[in-house]
Every structure is written in C-alpha cells, then in structure tokens.
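Subject: Structure handover

Hello,

Here is the structure I said I would pass on. My notes on it follow below.

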Amino acid sequence: METILFYVLAVVTLLSAVFVIFLRRPIHNVLFMILTMIGLATLFILLHAEFIAMVQIIVYAGAVMVLFLFVIMLLNLEEIDLPREPRPLRWGFGVILSLALVVMLFPVFKSIAPIINGVAQNGDLAAASNLDLIAKELFTTYLLPFEIASFLLLAAIIGTVVIGRKLTKS
Amino acid sequence: MVTLEHYLVLSALLFALGIAGVMLRRNLIVILMSLELMMNAVNLSFVAFSRYLGSIEGQIFVLFVMVVAAAEVAVGLAIAVAVFKQRGTININDISLLKW
C-alpha cells in the first residue's frame with residue numbers, strides 16, 4: 001500500500017515539476033508549482049513528518065506561490081512580451097547536462113543508502129509526537145539559529161521594502 | 001517497502017529538473033521558481049534522511065531552509081519588479097549589465 005502510494009505521488013510530483021519547467025506561460029508554471037508543493041507535502045506525511053508537511057502547504061503552496069502569482073499579475077506580460085526561449089540545440093544541451101548530474105549522483109546513493117538502511121528503523125521518532133520533538137530541539141539546542149533566522153527574515157522584509165520602493169529622482 | 005533510495009532518486013530527479021529550468025528558461029520569474037524547486041528537492045532528501053536515521057535534526061534543518069527560501073523569494077521578486085519597472089523586460093538576456 002505504502003509503495004503504491006509512494007509511486008503515485010512521485011509520478012504526480014515529477015510530472016508537475018516537468019510542466020513547471022517546460023510550459024511556456026508563467027501562470028501555468030505557477031499553478032503546476034503549487035501541485036508540486038502539495039505532492040511533496042503528501043510525501044512528507046508519508047515520511048511521518050506531519051509538521052513539515054503542514055508548513056510546506058502553508059508557507060510554500062500558500063504564501064510563496066501567492067507571491068509569485070501577485071508578481072505575475074503586477075507585471076501583466078502579454079504573449080508578445082514573454083521572453084523568447086532558446087533554440088532546440090540549447091534545450092537538448094541543457095537536458096543532457098541535467099541528466100548527467102543525475103547519473104553522477106547515482107553511485108553516491110548506491111554507497112550511502114545501504115548503510116543507513118542498516119541503521120534505520122530504531123523507531124524513536126514514532127514514539128513521541130513529531131511536533132513535540134521539533135519544538136523541544138528548536139527551543140533548546142537550536143535556539144541561536146532560530147533567533148538568527150528571525151533576523152534574516154527582518155532583513156528580508158527591510159530589503160524588500162527598500163528595493164520595491166518608488167524610485168526617487170536624484 | 002519504500003527504501004531511502006526511492007526518496008533520494010526522486011529528490012535527485014527534482015533537483016535536476018530545477019537545474020534544467022535555471023539553464024533553459026529565459027524568464028526571471030520561472031528561474032526563481034526553479035530555484036524553489038531545487039530547495040524543495042533538498043528538503044525532501046533531508047526529511048527522508050531524518051526518517052531513516054531516526055533523528056529529528058533533518059526536519060529542523062528543513063525549517064531553516066524554508067526560512068531562507070522565503071527570504072530569497074521575497075527579495076528576488078522585489079528585484080524582478082524593480083527591474084521590470086526600469087527596463088520593461090524580465091528576459092535575462094536583456095538584463096546582462098553585470099555579466100562581464
């Protein structure tokens with residue numbers, strides 16, 4: 001059952017990611033990106049990471065993608081203004097290069113995965129609630145990175161306001 | 001039985017799709033979206049490792065990656081809007097002032 005579910009979700013996620021890259025109109029890209037995010041969130045639930053799955057849906061499928069939609073709406077590109085995509089030769093070249101990356105990664109998996117599969121399934125994650133564990137670690141061991149992350153978000157807010165401000169003539 | 005390899009291969013394929021998007025597309029917004037796709041692929045392998053190693057650290061790192069991704073998207077899209085206001089285009093071939 002879990003295996004069938006994994007394969008269905010993986011195919012949906014990969015197909016929508018392919019559409020994100022290869023469809024021409026940005027609005028279609030964003031809609032398929034939302035589908036990819038939801039597929040990933042369900043994969044996280046399959047991995048017993050419920051909190052991350054919820055954050056994925058709220059932050060990515062909710063906030064980030066709505067931001068993209070707003071920017072596309074603001075720019076309001078007509079068909080004529082859409083950037084011309086490169087020639088087939090370059091498409092083929094790019095696809096071959098990214099496939100080469102995947103081929104390069106496979107030996108790494110082959111060497112890492114059996115070791116970890118041997119260690120795995122000691123099951124202390126399933127005992128306590130996922131949210132409990134994350135909260136405990138986040139507010140004790142990882143408190144300093146947590147605070148730094150909040151500063152990063154503050155910097156991003158200020159930076160966005162400064163960049164997005166109306167240009168003054170000087 | 002779904003093993004760690006399944007998730008790692010899926011994650012690698014998603015990452016390669018993100019790289020292909022960055023290399024192939026000329027639309028600044030789609031390139032930002034491909035970056036998001038790559039970060040999501042990395043998140044997937046973090047969560048898979050967290051599950052199969054029985055440790056919560058992977059999921060905490062995913063939270064920090066999400067924070068960075070959100071900040072990056074906000075600033076990146078603000079830059080895209082500013083560039084569009086000034087140049088009237090988001091084709092990255094036309095925005096090559098800083099490209100040696």
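A helix here is a DSSP run of H or I with at least four residues, and a strand is a run of E with at least two. By that count, chain B has 3 helices and 0 strands. Please keep in mind that this is a predicted model.

Chain B

The elements of chain B run α-α-α from the N terminus on. Its C-alpha trace spans about 50 × 25 × 25 Å along the principal axes. The radius of gyration of chain B is 17 Å, whereas a compact globule of 100 residues would have one near 13 Å.

Of the 100 residues in chain B, 61% count as buried. The accessible surface of this chain is about 3,700 Å², and carbon and sulfur atoms account for 71% of that. As for contacts in chain B between residues at least 6 apart in sequence, 54% of them join residues at least 24 apart.

Chain A

Chain A comes to 7 helices and 0 strands. Read from the N terminus, its order is α-α-α-α-α-α-α. Chain A has 170 residues, and buried residues make up 32% of them. Its accessible surface comes to about 10,600 Å², with 76% belonging to carbon and sulfur atoms. Among contacts in chain A between residues at least 6 apart in sequence, 54% join residues at least 24 apart.

Where the chains meet

How do the axes of helix H2 of chain A and helix H2 of chain B cross, and within what distance do they come? H2 of chain A covers residues 26-46 and H2 of chain B covers residues 28-53; their axes come within 11 Å and cross at roughly 5°. That makes H2(A) roughly parallel to H2(B), because angles under 35 degrees count as roughly parallel.

On the chain A side, the residues of H2(A) that meet H2(B) are A:Pro26, A:Asn29, A:Val30, A:Met33, A:Thr36, A:Met37, A:Leu40, A:Leu43 and A:Phe44. Their counterparts in H2(B) are B:Val30, B:Met33, B:Glu36, B:Leu37, B:Asn40, B:Asn43, B:Leu44 and B:Val47. By class, this contact of H2(A) with H2(B) has 12 nonpolar, 4 polar and 1 charged residues. Among the nonpolar ones are A:Met33 and B:Met33, while B:Glu36 is charged.

Regards

Notes
Residues are numbered from 1 along each chain as its sequence is written. Chains are lettered from A and ligands numbered from 1 in the order in which they are written. This is a predicted model: local features need pLDDT of at least 70, side-chain atom pairs count only at pLDDT 80 or more; totals for chains, interfaces and linings use all residues. Side-chain values use heavy atoms; hydrogens and water are left out. Axes are lines fitted to C-alpha atoms, for helices over the stretch in contact, and angles run from 0 to 180 degrees between N-to-C directions. Angles under 35 degrees count as roughly parallel, over 145 as roughly antiparallel, 65 to 115 as roughly perpendicular and the rest as oblique. Contact means heavy atoms within 4.5 Å. The radius of gyration is taken over C-alpha atoms; the globule rule is 2.2 Å times the number of residues to the power 0.38. Buried means under 20% relative accessible area, exposed over 50%, partly exposed in between (1.4 Å probe, protein chains only). Accessible areas come from the Shrake-Rupley method with a 1.4 Å probe; for residues, only the protein chains shown count as cover.
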